[in-house]
Amino acid sequence: MLKPIILLCIANLFMTVAWYGHLKFKNSALWLVILVSWAIAFIEYCFQVPANRIGHEYFTVTQLKVMQEVITLIVFAGFSTIYFKESFKWNHLVGFLCLVAAVFFVFKKW
């Protein structure tokens, strides 16, 4: 059950780099950053697809999606803090806690 979570974390790291990493290279040609981002996104898919396929043995599709969104935000928060030196503010924490609540409601057996 841990394997899909680890794969989702790796996939989200690649996707975050693909989507936002190029923002530090604004002088590079747009076609080049699109091509590089697309290549990075391909690597992301090499982790994301197996994560979902393996994860669907343990989780519903809805659970996988909510889990992936939370992982995405955690990875993005770390990335923006480390790579872009942006501060993590209290309202970011509140928003993330709302997502934790979403995870609770999606995973709770009612």
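This is a tutorial dialogue on reading the features of a predicted model.

Student: Where should I begin with the overall fold, and how many helices and strands does the chain have?

Tutor: Begin with the secondary structure, bearing in mind that the model is predicted. The chain has four helices and zero strands, and from the N terminus on its elements run α-α-α-α. Along its principal axes, the C-alpha trace spans about 55 × 35 × 20 Å.

Student: What share of the residues counts as buried, and which atoms supply the exposed area?

Tutor: Of the 110 residues in the chain, 26% count as buried. The chain exposes about 7800 Å², and carbon and sulfur atoms supply 75% of that area. As for contacts, among those between residues at least 6 apart in sequence, 77% join residues at least 24 apart.

Student: How do I read a helix such as H1, and which of its residues are buried?

Tutor: The general idea is that an α-helix has 3.6 residues a turn, so residues three or four places apart point the same way. In this structure, H1 has 19 residues and reaches 27 Å from its first C-alpha to its last, which is close to the 27 Å expected at 1.5 Å a residue. Its buried residues are Pro4, Leu7, Leu8, Ala11, Asn12, Met15, Thr16 and Ala18, and these pack against H2 and H3. Ile6 also lies in helix H1, but it is partly exposed, with a relative accessible area of 44%. Ile6 and Cys46 are 40 residues apart in sequence, while their C-alpha atoms are 13 Å apart in space.

Student: What covers the buried residues of H3?

Tutor: The cover includes H1, H2 and helix H4, which runs over residues 90–107. H3 itself has 22 residues and reaches 31 Å from its first C-alpha to its last, close to the 32 Å expected at 1.5 Å a residue. The buried residues of H3 include Gln63, Leu64, Val66, Met67, Gln68, Val70 and Ile71, and further along the helix Val75, Ala77, Phe79 and Ser80. For a point of comparison in H4, take Ala102, which is found in that helix and counts as partly exposed at 28% relative accessibility. The C-alpha atoms of Ala102 and Gln63 are separated by 10.0 Å, although the two residues are 39 apart along the chain.

Student: Which residues form the largest nonpolar core?

Tutor: That core has eight residues, namely Leu7, Leu8, Ala51, Phe59, Leu64, Met67, Ile71 and Val75. The elements that give two or more residues to it are helix H1 (2–20) and helix H3 (61–82), and H3 gives the most, with four residues. Leu64, one of the core residues, touches Asn52, Gly55, His56 and Phe59, when residues up to four places away in sequence are not counted.

Student: How should I read a salt bridge, and how many does a search of the whole structure find?

Tutor: In general, side chains of opposite charge can pair when their charged atoms come close. Here, a search of the whole structure finds one salt bridge, in which the side chains of Lys65 and Glu69 meet at 2.6 Å, N to O. Because Lys65 and Glu69 are four residues apart in helix H3, they are separated by about one helical turn. Lys65 counts as partly exposed at 45% relative accessibility, and Glu69 is partly exposed as well, with a relative accessible area of 32%.

Student: Which residues form a nonpolar patch on the surface?

Tutor: The patch consists of Trp31, Leu32, Leu35, Val36 and Trp38, which together have about 590 Å² of accessible area. Val36 is found in helix H2, which covers residues 30–55. At 43% relative accessibility, Val36 counts as partly exposed, because that class lies between the cut-offs of 20% for buried and 50% for exposed.

Student: What is the phi of Lys85, and is that residue buried or exposed?

Tutor: The general idea is that most residues other than glycine have a negative phi. In this structure, Lys85 has a positive phi of about 60° although it is not a glycine. Lys85 lies in the loop between H3 and H4, and it is exposed, with a relative accessible area of 68%.

Notes: Residues numbered from 1 in each chain as written. Predicted model: local features only at pLDDT ≥ 70, side-chain atom pairs only at ≥ 80, totals over all residues. Heavy atoms only, no water. Patch = residues over 30% accessible without salt bridge, like charges linked within 9 Å, V, L, I, M, F, W, Y side chains within 5 Å. Areas by Shrake-Rupley, 256 points an atom, 1.4 Å probe, with all protein chains shown as cover. Salt bridge = Lys/Arg side-chain N within 4 Å of Asp/Glu carboxyl O. Buried < 20%, exposed > 50% of the residue type's maximum accessible area, 1.4 Å probe, protein only. Core = buried A, V, L, I, M, F, W, Y, C linked by side-chain atoms within 4.5 Å. Contact = heavy atoms within 4.5 Å. Expected span 1.5 Å × (residues − 1).
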